[in-house]
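Work through the exercises below with the structure open. Each task is followed by a stepwise solution.

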Amino acid sequence: MQVIAIANQKGGVGKTTTSINLAASVAAKDKRVLLIDLDPQANATSGVNFPVDPGMSIYSAMVGETDIFSRIQPTLVPNLFIIPAEIDLAGCEVEIARLDDPLVRLKEVLQPLKDAAPYDYVFLDCPPSLGILMTNALAAADGLLVPVQCEFYALEGISKIMDLMKKLQSPPINAPLQLTGVLMTMYDARTRLSQQVAKELNQHLPDHIFQSIIPRSIRLSEAPSFGQTILQYDADGVGAKAYRNLADEFISRVPSGN
Ligand code: ATP
Ligand code: MG
C-alpha cells in the first residue's frame, strides 16, 4: 500500500481535481483506492458526491477518539473509498497543535491501515497551506505528488514545498518520503508561457515530471458541480483521457507493493 500526498501550498492549482480524478482512474484499473479529504473546504468530498456529515472526517481519529477504519466510507465509484472532510477539520489544526507529537498524528493514525493494507493506494487531498494538516500529510506519506499550474510563479511554489519535504525527511519524522512527481495542470499548448514552464520544470527536476500533462478543460471544471468524476461526466473527453494516461504512468512509477 502506498500513501501519496497531493499537495502544493499554492491555492487553485488542481490538487483536488487531481485527487478525485487520479483516484477514480486508478480505481478503474482494478486497484483499491482510498481518498482522504484533508481540506476543510471539503471539495474532494463533494466532488465525489459524498455528503459532508459532521463527525465523519479523520479529525476524531487524529485526536485519538476513534480508529481510522470506522471513518472509511464507500463511494458510488467501484473500488473507491473515502474519508470525507468536514468544516471541523479547521479546528482540528488548533487541537492537534496542543497534542504530543503534533506533526505525526496522521502517520500514527494511518499505521494500522498500512499494516493491514486493504488498499493499493491512499491519496491525501491537502489544503493550500504549509500548515499542520499538510505537514501531517507529508509526515505520513510515502510519496508527494505536486500539481503545478503552468504559470509564472510555478517554480517558486515548488521550491517551498520541496524545502518542507527535505525537513520532514530528516529522521525520525519521515525519512523514506519521496517526490513521486510533479504534474502539470491546466496546460494550454497555445500559450508560450505553458510551454516555457514545462521546459523549466524539465530542466530543474528532470526525472520527476510526469510525462502525462493535464490540459485546461471546461469539462474538468464542470464535473464536480454534478458530483461526478471526469470518468463519469465526460468519459471520452480530453480530461478523462489525460487522467487515464496519468493513472497508467502513476501505477508504473509507484507499484503498490500489495
Ligand atoms: P485549493 O487550493 O483551493 O484546494 P486546488 O489546488 O485543489 O484548490 P482545484 O480545486 O482542483 O485546485 O482547481 C481550482 C479550480 O480550477 C477549480 O475551479 C477547478 O474546477 C479548476 N480546474 C482544475 N483543473 C482544471 C483543468 N485541467 N482545466 C480547467 N479547469 C480546471
Ligand atoms: Mg483543493
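**Exercise 1.** Find the polar contacts that Lys15, Gly12 and Val13 make with ligand 1.

*Solution.* The model is predicted.
Step 1: Apply the cut-off, a pair of N or O atoms within 3.5 Å.
Step 2: Start with Lys15. An N or O atom in the Lys15 side chain lies 2.8 Å from an oxygen atom of ligand 1.
Step 3: Turn to the backbone. A backbone N or O atom of Gly12 is 2.9 Å from a ligand 1 oxygen. For Val13, a polar backbone atom lies 3.0 Å from an oxygen of ligand 1.
Step 4: Check the cover. On its own, ligand 1 has 620 Å² of accessible area, and the protein covers 80% of this.

**Exercise 2.** Describe the shell around ligand 1.

*Solution.*
Step 1: Count the residues. There are 18, and Lys15, Thr16, Thr17, Pro215 and Ser217 come nearest.
Step 2: Sort them. Six are nonpolar, eight polar and four charged.
Step 3: Assign elements. Helix 1 gives the most, with three residues.

**Exercise 3.** Which pocket does ligand 1 take up, and what lines that pocket?

*Solution.*
Step 1: Place the ligand. Ligand 1 takes up the space of the largest pocket.
Step 2: Read the volume of the largest pocket: about 500 Å³.
Step 3: List the lining. It has 29 residues; Gly14, Lys15, Thr16, Thr17 and Met186 lie nearest the pocket centre.
Step 4: Sort the lining. It divides into 13 nonpolar, 13 polar and three charged residues.
Step 5: Trace the elements. Helix 1 and helix 9 each supply at least two lining residues. Helix 1 has the largest share, five residues.

Conventions
Residues are numbered from 1 along each chain as its sequence is written. Chains are lettered from A and ligands numbered from 1 in the order in which they are written. This is a predicted model: local features need pLDDT of at least 70, side-chain atom pairs count only at pLDDT 80 or more; totals for chains, interfaces and linings use all residues. Side-chain values use heavy atoms; hydrogens and water are left out. A residue is near a molecule or strand if one of its heavy atoms lies within 4 Å of it. A polar contact is a pair of N or O atoms within 3.5 Å; within protein, one must be able to donate a hydrogen and the other to accept it, and residues adjacent in sequence count only if both atoms are side-chain atoms. Accessible areas come from the Shrake-Rupley method with a 1.4 Å probe; for residues, only the protein chains shown count as cover. On a 1 Å grid over the protein atoms alone, a cavity is a set of points where a 1.4 Å probe fits but cannot get out, and a pocket is an open set with protein on both sides within 12 Å along at least five of seven lines; lining residues have an atom within 4 Å of a point. A molecule sits in a cavity or pocket if more than half of its atoms lie within 2 Å of its grid points. Helices (H or I, at least four residues) and strands (E, at least two) are DSSP runs, numbered from the N terminus. Ala, Val, Leu, Ile, Met, Phe, Trp, Tyr, Cys and Pro count as nonpolar, Asp, Glu, Lys and Arg as charged, and the others, Gly among them, as polar. Grid points are joined across faces, edges and corners, and a volume is the space filled by probe spheres set on the points.
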